[in-house]
Amino acid sequence: MATQFDITYVFDFLPKLLNYIHISLFIVACSMVLGVVFGFLIALPRLYQIPIVQRLSQIYVSFFRGTPILIQLFLIYYGLPELLKAIHVDVSKAPVLSFVILTFALHSGAYISEVIRAAVKAVDKGQVEAAYSVGMTGYQAFTRIIMPQALAISLPNFTNLLIANLKDTSLAFSLGAMELMGKAQTLGAATQHFMETYISLSIIYFVICFGLEKLFIYIEKRLLQHEQPLVTEERQPLSRRWFKGVWSSQPDKGGFQA
């Protein structure tokens with residue numbers, strides 16, 4: 001029989017769940033840092049069209065974008081130790097959190113590679129050619145011209161991926177990782193007040209995601225502050241004047257000038 005809803009449990013569960021928030025944030029932070037590294041390594045062969053490596057990177061991106069992250073968690077947690085046994089490497093005693101971070105990093109790397117590729121291609125090629133014409137090297141053109149603009153272009157998509165990863169960390173409980181969702185399940189099972197537990201959990205996720213969204217909006221504005229909006233000249237109203245037997249239109253400046 002379901003227990004009666006009690007709002008006091010929501011406020012009681014909030015501090016208990018907040019004690020485990022650092023684990024979820026740690027998973028997100030580590031996976032995004034590694035994901036950026038993987039994303040660059042996967043995006044470069046496709047940007048420079050390296051024949052064989054380009055095909056391998058396409059397969060990597062297709063797999064991690066085309067399969068659920070929950071399945072990827074199970075494949076890496078159960079499959080990777082079996083593969084490493086073939087080369088006499090035992091990772092069976094590795095912490096569960098390491099498999100979770102690796103999975104999220106590989107998953108994020110596939111999306112980040114596409115974000116990087118699209119952002120770099122969005123930069124006007126004429127600017128790169130102009131950089132070469134003034135004597136810049138390829139590295140200088142990339143770091144001074146391409147990368148600042150590509151970073152601003154890719155930031156909204158990167159923010160969406162970051163927030164999505166934060167919410168997906170709740171799947172880490174399926175491997176036994178005790179993060180926010182894991183603690184929520186434990187509290188719900190102990191008190192039989194699952195609804196109150198999930199309300200508390202949703203409040204925490206919403207506040208964090210809302211804060212991240214506002215933070216990255218501020219960062220995006222700072223990155224785009226050099227792009228001044230085009231200021232169009234204010235169109236002055238035209239008034240028709242009778243001058244020397246001809247109707248003429250001229251800006252109305254408050255008085256007629258012959």
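**Why these labels?**

Me: Why is Y132 called partly exposed?

Reply: Its relative accessible area in this predicted model is 46%. Buried needs under 20% and exposed needs over 50%, so Y132, at 46%, falls in between and gets the middle label.

Me: Where does Y132 sit, and what is it in contact with once neighbours within four places in sequence are left aside?

Reply: Y132 belongs to helix α6. With those neighbours left aside, T137, G138 and A141 are its contacts. They get that name because a contact takes heavy atoms within 4.5 Å.

Me: Is M147 buried, exposed or in between, and what makes it so?

Reply: M147 has a relative accessible area of 39%, so it is partly exposed: not under 20%, not over 50%. You'll find M147 in helix α7. V123 is 24 residues away from M147 in sequence, and their C-alpha atoms are 9.1 Å apart.

Me: Then what about T169: buried or exposed, and how do you know?

Reply: Here the value is 0%, so T169 is buried, since the cut-off is under 20%. T169 is in a loop, the one between α7 and α8.

Me: What surrounds T169, leaving aside its neighbours within four places in sequence?

Reply: T169 is in contact with S24, I27, V28, F104, E179 and Y205.

Me: Where is H88, and what makes its phi worth pointing out?

Reply: H88 is in the loop between α4 and α5. Its phi is near 60°, which is positive, and H88 is not a glycine. Most residues other than glycine have a negative phi. As for accessibility, H88 comes out at 76% and is therefore exposed, with over 50% as the cut-off.

Me: Which loop holds Q192, and what is its phi?

Reply: Q192 is in the loop between α8 and α9, and its phi is about 65°, again positive in a non-glycine. Its relative accessible area is 44%, so Q192 counts as partly exposed; exposed would take over 50%.

Me: What makes a set of 30 residues a nonpolar core?

Reply: The members have to be buried, come from a list that includes Leu, Met and Ile, and be joined through side-chain atoms within 4.5 Å. The largest such set has 30 residues, and L17, M32, L166, L180, L201 and I204 have the most contacts inside it. Two or more residues each come from α1, α2, α5, α7, α8 and α9. With seven residues, α7 gives the most. Apart from this core lies another, of 10 residues, including I27, I69, V100 and A177.

Me: What is L17 in contact with, leaving aside neighbours within four places in sequence?

Reply: The contacts of L17 are L180, K183, A184, L187, T197, S200, L201 and I204.

Me: Why is the space with a volume of about 770 Å³ called a pocket?

Reply: A cavity is a set of points where the probe fits but cannot get out, while a pocket is an open set. The 770 Å³ space, an approximate volume, is the largest pocket, so it goes with the open kind.

Me: What lines the largest pocket, and which residues are closest to its centre?

Reply: There are 27 lining residues, with L47, I116, V120, F142 and I146 closest to the centre. At least two each come from α2, α5, α6 and α7. The largest share, 10 residues, belongs to α7.

Me: How do the lining residues of the largest pocket divide by type?

Reply: They split into 21 nonpolar, three polar and three charged.

Me: How many helices and strands does the chain have?

Reply: Nine helices and two strands. In order from the N terminus, the helices run up to the two β elements. Of the 258 residues, 32% are buried, because that is the share under the 20% cut-off.

Me: What is the mean pLDDT of the protein chain?

Reply: The mean is 84, with 86% of the residues at 70 or more. Over residues 230-235, pLDDT stays under 50, and the model has zero contacts there beyond four places in sequence. Residues 253-258 also stay under 50, with six such contacts.

Conventions:
Residues are numbered from 1 along each chain as its sequence is written. This is a predicted model: local features need pLDDT of at least 70, side-chain atom pairs count only at pLDDT 80 or more; totals for chains, interfaces and linings use all residues. Side-chain values use heavy atoms; hydrogens and water are left out. pLDDT is the predictor's confidence in each residue, from 0 to 100. Buried means under 20% relative accessible area, exposed over 50%, partly exposed in between (1.4 Å probe, protein chains only). Helices (H or I, at least four residues) and strands (E, at least two) are DSSP runs, numbered from the N terminus. On a 1 Å grid over the protein atoms alone, a cavity is a set of points where a 1.4 Å probe fits but cannot get out, and a pocket is an open set with protein on both sides within 12 Å along at least five of seven lines; lining residues have an atom within 4 Å of a point. Grid points are joined across faces, edges and corners, and a volume is the space filled by probe spheres set on the points. Ala, Val, Leu, Ile, Met, Phe, Trp, Tyr, Cys and Pro count as nonpolar, Asp, Glu, Lys and Arg as charged, and the others, Gly among them, as polar.
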